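Please open the model in your viewer and keep the selection tool at hand. The stops below say what to select next and what is there.

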Amino acid sequence: RSVVGVTLYFKNAKNEKGDIAVNAARFASQVIDPDIVDDCATYGRSTKVYDDTEAELTQIREGINGVDRLCIYKISSDGWLVAFDIPSNEDDRHEPGEKIEFGEELKPYIGTLFKGESVEAVESNGIRGWVMSAYYPIIDNSGICTGYATAEVSLKYVSDYMWDFMLRVLFIMLSFYILIS
């Protein structure tokens, strides 16, 4: 029974984390001005609106529990062009204009991204650890996708909690076995 309980908990926790990523990406895509994405990806911090927009995105990331990274990307044929990167760890920040290749986990969704559609809850296990990311389009007044808001949440604590729970169940069962024997 405990294995079924752990499995259900784990699945539910992953779904919850995915929802957090989707909601954060959607919110950021609605807050950011679609007309600044290209300039911020090209000229970075030298644009007039960069610092204010970065501060606003930082408030969003910090205000939504569980979001480890919030990014605004411009899509290109071979990857992402960073406009904003708001990580929880400053040492892990990508600079405006930096090019990031599409990860393997995104390969099945590249067509969807180029159509300007959202991609919800993509799981990956790479350099940044075990994460779930959501990609939400930033649409201008003409209906054109000018970039993507991306939110990333860590799944590490979910697996750590699962292992901790399983160890506790094992110790309890072992205690009962010793007590009965």
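Begin by selecting phenylalanine 114, which is partly exposed at a relative accessible area of 44%, where buried means under 20% relative accessible area, exposed means over 50% and partly exposed lies in between, with a 1.4 Å probe and protein chains only. The model is a predicted one, in which local features need pLDDT of at least 70 and side-chain atom pairs count only at pLDDT 80 or more, while totals for chains, interfaces and linings use all residues. Residues are numbered from 1 along each chain as its sequence is written, and side-chain values use heavy atoms, with hydrogens and water left out.

Now add phenylalanine 102, which is buried, with a relative accessible area of 10%. Phenylalanine 102 and phenylalanine 114 form an edge-to-face aromatic pair, at 6.5 Å centre to centre and with 80° between the planes. For such pairs, the ring centres of Phe, Tyr and Trp (its six-membered ring) lie within 6.5 Å, and planes under 30 degrees apart count as stacked, over 60 as edge-to-face and the rest as tilted. Phenylalanine 102 sits in the loop between strand S3 (99–100) and helix H4 (110–114), and phenylalanine 114 belongs to helix H4, so the pair ties together parts that are twelve residues apart in sequence. Helices (H or I, at least four residues) and strands (E, at least two) are DSSP runs, numbered from the N terminus.

A search of the whole structure finds six aromatic pairs. One of them, to be selected next, joins tryptophan 80 and tyrosine 135, which are stacked at 5.7 Å centre to centre with 5° between the planes. This pair links distant parts of the chain, since tryptophan 80 is in strand S2 (residues 79–87) and tyrosine 135 in strand S5 (residues 129–139), 55 residues apart. Tryptophan 80 counts as buried at 3% relative accessibility, and tyrosine 135 counts as buried at 6%. If you select Tyr73, Trp80, Phe102, Phe114, Tyr135 and Tyr148 together, you will see a cluster linked by ring pairs.

Next, turn to the interior. In soluble globular proteins, nonpolar side chains tend to be buried together. A nonpolar core is here a set of buried Ala, Val, Leu, Ile, Met, Phe, Trp, Tyr and Cys residues joined through side-chain atoms within 4.5 Å. Select Ile32, Leu57, Leu70, Ile72, Ala83, Phe84 and Ala151, which touch the most other members among the 27 residues of the largest nonpolar core. The elements that give two or more residues to this core are helix H1 (2–31), helix H2 (37–43), helix H3 (50–63), strand S1 (67–76), S2, S5 and strand S6 (145–154), and H1 gives the most, with five residues. Which residues is alanine 151 in contact with, leaving aside its neighbours within four places in sequence? They are Ala21, Ala24, Ala25, Val67, Arg69, Leu70, Met132, Ser133 and Ala134, contact meaning heavy atoms within 4.5 Å. Apart from the largest core lies another core, of 13 residues, among them Cys71, Ile75, Ile100 and Tyr135.

The following stop concerns charged side chains. By the rule that a side-chain nitrogen of Lys or Arg lies within 4 Å of a carboxyl oxygen of Asp or Glu, the count comes to eleven salt bridges. Select aspartate 78 and lysine 99, whose side chains meet in a salt bridge at 2.9 Å, N to O. Aspartate 78 lies in the loop between S1 and S2 and lysine 99 in strand S3, so this pair ties together parts that are 21 residues apart in sequence. Aspartate 78 counts as partly exposed at 45% relative accessibility, and lysine 99 is partly exposed too, with a relative accessible area of 41%. Then select glutamate 62 and arginine 61, which form a salt bridge with the closest N and O atoms 3.8 Å apart; glutamate 62 is exposed at 56%, whereas arginine 61 counts as buried at 11%. Arg45, Glu54, Glu90, Arg93 and Glu95 can be selected as a group, linked in a network of salt bridges.

To finish, show the whole chain, whose secondary structure comes to five helices and six strands, in the pattern α-α-α-β-β-β-α-β-β-β-α when read along the sequence. Of the 181 residues of the chain, 41% count as buried.
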